[in-house]
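Q: Could you take a close look at one part of this model for me, namely the sheet and what surrounds it? I would like the cut-offs stated as you go.

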Amino acid sequence: MKKNALIKIIVSLLVVLFIVVGCGKSNNAKERALAEEPFARTEFLMGTVVKVTIYNQNQQAALDAAFKRLEGLANLITVDEEDGDSEVEKINQQAGVKPVRVSDDLYYLLQAAYDYSESTVGSFDMTIGPITELWHIGFDDARKPDQAEIDEALALIDFSKVQFDDDSQTVYLPDKKMRLDLGAIAKGFITDEVVSVLKEHEVDTAIIDLGGNIYVLGDSTRGEGVGWNVGIQDPFETRGTILGSLALSNRSIVTSGIYERFLEVDGVSYHHLMNPETGYPFDNQLAGVSVITEKSIDGDGLSTSLFSKGLKEGLEYVNTLETVDAIFVTKDKNVYVSDGLKESFKLTNDDFTLK
């Protein structure tokens, strides 16, 4: 990624994808053992800005432990890095050669990715790597491939070919040019792991922000039983511009949309959410989908799936799921919410219409 583009991304990300409001000290802060100043740390990892903020007292050790866990997991998963030594990259390098033994963490994530690939029936596929690598949207060499190249890459996409061996804990891609890409689920898994670390350190008031994956732990600092006021990203603007808000506690919010990474060719904009069946970006009336779940890995997997289904089918599907809600934003700036959010979602941007 070009240096100036990287700087621009870092600056915009620091504004935060979701503006989380209501972080002031509350009257009952002493009872909840909240700090005068929060413990916070920001780093650039996995191609995005990562920030963890803890509002409990005396929790520097928890913050350090959270980032140790976060960095360790990022090193297992990241691809497209110059050193290419992540466990996922090693599996890709050994495709068609031999199985690769992986850590417990990655084995769990890969099996979860397989399950989502299977349950979403084609809208999410863990082996989409040949297509995402071909387009490479978000990098200096991003381009629109020729149809012949896309057809060749599509022949390699088939999650059902991924071979797991539970006894030896190995993973194998049988075709030489197959490639895993966990970008649509990895940040959700890591977010959940960070939440687990914080809970182990008895943290009960915190915000985890993995550049598009937000988790609000506990109640807002404004008071017991008061949720964090979480702003929902405007999919037509840079990160930090919101269209509405929700009050949430102990929930994950994940957004998939056309705003984050895209490529313009001959006046046509191609976003980074790729359809594993066509080899092109998903093409429907949606500009963005925000998913609210108890676990971030579910929000990550579902956000891509719901985006792929489009408005009507996506809304119908999410209304069948327990403890899952979603906000759909169309390209003509209409906003639709699932049944569970009809009373709680507040539209704050006059450019949009709540349907």
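A: Happy to help; here is a walk through the sheet, its helices and some side-chain contacts.

This is a predicted model, in which local features need pLDDT of at least 70 and side-chain atom pairs count only at pLDDT 80 or more, while totals for chains, interfaces and linings use all residues. Residues are numbered from 1 along each chain as its sequence is written, and side-chain values use heavy atoms, with hydrogens and water left out.

Let's begin with the sheet itself. It is open and mixed in its pairing, with nine strands in the order 2-3-7-8-11-14-15-16-18. Strands here are DSSP runs of E with at least two residues, helices are runs of H or I with at least four residues, and both are numbered from the N terminus. Two strands pair if DSSP finds at least two bridges between them. At the edges are strand 2 (34-45) and strand 18 (353-354), each pairing on one side only.

Two helices pack on this sheet. Helix 7 (residues 186-200) touches strand 3 (48-56), strand 7 (206-210) and strand 8 (213-217), and its direction makes about 20 degrees with that of strand 8. Helix 8 (residues 296-318) touches strand 8, strand 11 (251-257), strand 14 (286-293), strand 15 and strand 16, with its direction at about 125 degrees to that of strand 14. Contact means heavy atoms within 4.5 Å. The axes are lines fitted to C-alpha atoms, for helices over the stretch in contact, and the angles run from 0 to 180 degrees between N-to-C directions.

Now let's zoom in on strand 11. Six of its seven residues are buried, so strand 11 is largely enclosed by the rest of the structure. Buried means under 20% relative accessible area, exposed means over 50%, and partly exposed lies in between (1.4 Å probe, protein chains only). Strand 11 pairs with strand 8 in the antiparallel sense over four bridges, and six bridges join it, also antiparallel, to strand 14. Ile 253 of strand 11 has Ile 214 opposite, and Ile 253 also stands opposite Ile 292 in strand 14.

Further along, strand 15 (residues 325-330) and strand 16 (residues 334-337) are antiparallel and share three bridges. Phe 328 has Tyr 336 in strand 16 as its bridge partner.

Lys 333 is worth a look too. Its charged end sits over the ring of Phe 236, 5.1 Å from the centre, and it lies over the face of Phe 352 at 5.5 Å from the ring centre. A charge sits over a ring if NZ of Lys or CZ of Arg is within 6 Å of the ring centre and within 35 degrees of the ring normal.

Finally, one aromatic pair involves the loop that leads to strand 14. Trp 135 and Tyr 280 are edge-to-face, 5.7 Å centre to centre with 75 degrees between the planes. Trp 135 lies in helix 5 (residues 129-135) and Tyr 280 in the loop between strand 13 (268-271) and strand 14, so the pair ties together parts 145 residues apart in sequence. Rings of Phe, Tyr and Trp (its six-membered ring) pair if their centres lie within 6.5 Å; planes under 30 degrees apart count as stacked, over 60 as edge-to-face and the rest as tilted. Trp 135 is buried at 0% relative accessible area, whereas Tyr 280 is partly exposed at 23%.
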